[in-house]
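Thank you all for making the time this morning. I would like to walk you through one structure, going from single residues to pockets, then to the cysteines and finally to the cores.

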Amino acid sequence: MKKSVLLLFAIFMAMTSFAQLKNVQANSITPADGETWWGYFADADANASNFGGYGVGTQADYEAAIKIAKSDPVMGNATIKAVRIWLNGTTIPKITSLKIWTTKTLKINAQGVLYAQDVDLSTLTAGANDIEFTTPFAINNAVTYIGFTMTLDGQDNAVMCGGEYEAGTFFFRATAVQTNWQSLTGHGKLALQVLAEGAVVPQNCAIMTSTNLGTHNYQVGDEAIVPVTIKNKGQNPISSISYTITTNNDPATATPEVTVAMDNVPFNGTATFNASFDTSEALNSTRTVTITKVNGEPNEAQANQCVASGNFAVMAYLFTKVPVIEEFTGTWCGWCPRGFVAMETANELYGDKVVLIAAHNGDPMEIAGYNPVMATVSGFPDAKANRNQEFDPNPPAIQSIINQSLNEVPIGKVDIVAQWNDEAMTKIDVKSNSMFAFAEENANYGIALVLTEDGMHGTGSSWGQSNYYSGQSGYPDYMSWWCSQGSRVSGLSYNFVAVAAWDILSGANGSVPTSFAAGEALPYNFLADISSNTIIQDKSKLKIAALLIDRAANKIINAAQTTISDYSSVVPGDVDGDGEVTAGDVTKLYNILLNDDETGVVNGDQDGDGVITAADITAIYNILLGQ
């Protein structure tokens, strides 16, 4: 193992500008009819900022290759007639042998390849070297590697490369330090091309460099501009492209073509344009950009190469994210003190901007209501952010994750108010409202409720926190107090403890309707019965949280948390104090608000039909709002 590590340290990469190579081509072969120079590496890559040499810092046999995939649509039926290799002028005097070859599987030192040819070293010059094959090599739709083996008698960064990496564009090995071939993904493309006869290189062809446009959130009416990068895979330089945008992969939604001018993008060159997306309607959807034309002609790229998609949430409203952190812990868990510190730190930093829940296991604070979530935990301590991101609960991690979550734009929100239902405080009236930024049909959301308590404590060993940090050193400063304590710490107050939970895994059925409009208030009322709860210690230290859960994605979209207000026997809306809400309350309210006189006699019958109905309430509403 030590030897391997030393060898890895011996490998290094030196990338230099090699200005003398740019725009230089020696030993040039001009393609005949039906022939074309083809490669992942383009002439423009020789002018890229990262164009340079790759080496291992010692004398070695260097081997490098590119790969042509099986049944490649461009090269599958081609015949290779020459190879073009870029070389640095300082490398050439050190080369003692150079062999070009083709093979179906990568070999060591070109042993057992299908075709090999020695190169006359006297013909080599700085820049691009065109070397004709003595015997042309037919690919025949098989996987084919094309490369070279080069022996140097001195140290050098001998293998030229640059540009933007693509899969299959740079395989490498050096005999001095490694046995196996490796794919180099961080150094651009190998500076190698082939002269191909019969290659099917389209005239006008643009492909996407990435099929993923990412996730984007907008408010209705916002400007929505997303950069899209293309690569030219056609013979003609690209002076323009045209694109359409579809929604949810439905061809019927395709927009009219938009044409964008390009600056004559060369073969294998890339360019970026800004695609504009419609945000006139609140909608959560997949949008797909398709490059339909190149230079005014139909795009000759394969269908799956000229499209890129992303998730676009266009919202009628922008909501504030309230992250939910669920910490899974137990007093028996010796490493759980770091979670204790993390949760306290998060509370100090963020307060009511985040919902903190400590779910205990195997100690006096454990509750059965949290078992469905506890079953998904991989160990202790553990934590989840918004139910879909698992992490180790330590202060740096929890801060990073909360900061990241606070920057999210949620698709929905939930509000909550709670009041004791009785003087004995055995039941809680919970009223919540969820709302979404766009309309949905066949929605699958639910609201879960969790009751937490601060300041929980007790006596006996089961209440003392096991502490594996006792007497330890070398831990971050935030664990210093625990390192100075014994192996079991008594007298602690435990905060954010989940003492009751309802429908905690997926939310209650019917708590969010399956269809709703953007911005529609979606009420959910629940009577939380804690009459038989023996875990709760101090009801004045309780909070209740509503978690808005995306059931399909198993994640918490948003949350809200509140304290519980005192019990009141007053009936809401009972203005005249008779214990019920009747038409008399409407009249009294009218008098108070419009006459500033509670005793004045003003009939609530606004429309004169002799009875007080909903129409009168509407009339009063309009008067109060000045409509």
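Ile207 sits in strand 15, which covers residues 206–208, and I should say at once that we are looking at a predicted model. With a relative accessible area of 12%, Ile207 is buried, the cut-off for that word being under 20%. If we set aside its neighbours within four places in sequence, Ile207 is in contact with Thr229, Ile230, Lys231, Lys233, Ala301 and Gln305. Val307 lies 100 residues away from Ile207 in sequence, and yet the two C-alpha atoms are 7.7 Å apart in space.

Ile207 also brings us to the pockets, since this residue is among those that lie nearest the centre of the largest pocket, together with Tyr40, Asp72, Lys233 and Gln305. The lining of that pocket comprises 26 residues, and the space inside comes to about 670 Å³. What classes of residue make up the lining of the largest pocket? There are 15 nonpolar, four polar and seven charged residues.

The second largest pocket has a volume of about 480 Å³, and its lining is made by 22 residues, with Lys321, Glu408, Val409, Pro410 and Lys555 lying nearest the centre. Two or more residues of this lining come from each of strand 16 (212–219), strand 23 (307–315), helix 4 (395–406) and strand 36 (555–563). By class, the second largest pocket is lined by nine nonpolar, nine polar and four charged residues.

Let me stay with strand 23 for a moment, as this strand contains Gly310. Is Gly310 buried or exposed? Its relative accessibility is 7%, so Gly310 counts as buried. Beyond its neighbours within four places in sequence, Gly310 has contacts with Leu213, Gly214, Ser285, Thr286 and Arg287. The C-alpha atom of Gly310 is separated by 6.7 Å from that of Thr288, a residue 22 places away along the chain.

Now to the cysteines. The structure holds one disulfide, and the bond in question joins Cys333 to Cys336, with an S to S distance of 2.3 Å. Because the torsion about the S-S bond of this pair is about 85 degrees, the disulfide is right-handed. Both of these cysteines, Cys333 and Cys336, are buried. Cys205, by contrast, is in no disulfide, and the nearest cysteine sulfur to its own belongs to Cys306, 8.1 Å away. Why does Cys306 not bond to Cys205? The closest cysteine sulfur to that of Cys306 is the one in Cys205, and a separation of 8.1 Å is too far for a bond. For anyone thinking about accessibility, Cys205 is buried at a relative accessible area of 4%, and Cys306 is buried as well, at 6%.

That leaves the cores. As general background, nonpolar side chains in soluble globular proteins tend to be buried together. In this model the largest nonpolar core has 50 residues, and Ile428, Tyr445 and Leu451 are those with the most contacts inside it. Taking Tyr445 as the example, and again leaving aside its neighbours within four places in sequence, we find contacts with Ile411, Phe436, Glu440, Val512, Phe516, Leu548, Ile549, Asp550, Arg551 and Ile557. There is also a second, separate core of 44 residues, which includes Met75, Leu98, Ala174 and Leu190.

Definitions and conventions. Residues are numbered from 1 along each chain as its sequence is written. This is a predicted model: local features need pLDDT of at least 70, side-chain atom pairs count only at pLDDT 80 or more; totals for chains, interfaces and linings use all residues. Side-chain values use heavy atoms; hydrogens and water are left out. A nonpolar core is a set of buried Ala, Val, Leu, Ile, Met, Phe, Trp, Tyr and Cys residues joined through side-chain atoms within 4.5 Å. Buried means under 20% relative accessible area, exposed over 50%, partly exposed in between (1.4 Å probe, protein chains only). Contact means heavy atoms within 4.5 Å. A disulfide is a pair of cysteine sulfur atoms within 2.5 Å. On a 1 Å grid over the protein atoms alone, a cavity is a set of points where a 1.4 Å probe fits but cannot get out, and a pocket is an open set with protein on both sides within 12 Å along at least five of seven lines; lining residues have an atom within 4 Å of a point. Grid points are joined across faces, edges and corners, and a volume is the space filled by probe spheres set on the points. Ala, Val, Leu, Ile, Met, Phe, Trp, Tyr, Cys and Pro count as nonpolar, Asp, Glu, Lys and Arg as charged, and the others, Gly among them, as polar. Helices (H or I, at least four residues) and strands (E, at least two) are DSSP runs, numbered from the N terminus.
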